[in-house]
Amino acid sequence: MSFAVLSRTFSRLSVSSSSSSICHQLFQKTTSTSTSTIHNTTTTTTTQVRSMGVKALIKTNKAAAKRIRVRGSGSVKRNKAGASHNTGYKTRGRNNRLGQSTGIKGTGIEKRMRRLIGK
């Protein structure tokens, strides 16, 4: 929602001046000007930046999210490598073990994986 729309909404509701000043504190205008030398034009873009009370979020790493899951106990599980091809010479027990999931060893690595998937 843009700053102008919020201002119009607050003015229609006849909110007190203290509430409108809070609205002005919530949003601050950032103006950037870029000049194109090819077309000799100047464009000005105005964006709204939320400045109060918002926690910075880290994007989920989709590659990691497709490969690891968090169990109900909180531990991180992953699939084992080596079961996709060339399984003809491997023993049946080895192939069965490769088909099972396993946990991630090491608390530091587990924390890093948990941060990647945002959990």
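**Exercise 1. Work out how the strands β3, β4 and β5 are ordered in their open sheet, and how they pair.**

Step 1. In this predicted model, the order is β3-β4-β5, with antiparallel pairing. Strands are DSSP runs of E with at least two residues, helices are runs of H or I with at least four, and both are numbered from the N terminus. Two strands pair if DSSP finds at least two bridges between them.

Step 2. Now look for the edges: β3 (68–70) and β5 each pair on one side only.

Step 3. From one strand to the next, the twist averages 35°. Angles run from 0 to 180 degrees between N-to-C directions, with axes fitted to C-alpha atoms, for helices over the stretch in contact.

Step 4. Zoom in on β3 and β4 (residues 76–79): three bridges join them. One of the partners to spot is R78 in β4, which bridges to I68.

Step 5. Add helix α5 (residues 107–117), which packs on the sheet and touches β3 and β4. The helix direction makes about 95° with that of β3.

**Exercise 2. Find T102 and decide whether T102 is buried or exposed.**

Step 1. Go to strand β5 (residues 101–103), where T102 sits.

Step 2. Check the relative accessible area: 15%. Buried means under 20%, exposed over 50%, partly exposed in between (1.4 Å probe, protein chains only). So T102 counts as buried.

Step 3. List the neighbours: leaving out residues up to four places away in sequence, T102 touches R71, V76, K77, R78 and K80. Contact means heavy atoms within 4.5 Å.

**Notes.** Residues are numbered from 1 along each chain as its sequence is written. Local features need pLDDT of at least 70 and side-chain atom pairs pLDDT 80 or more, while totals for chains, interfaces and linings use all residues, and side-chain values use heavy atoms, leaving out hydrogens and water.
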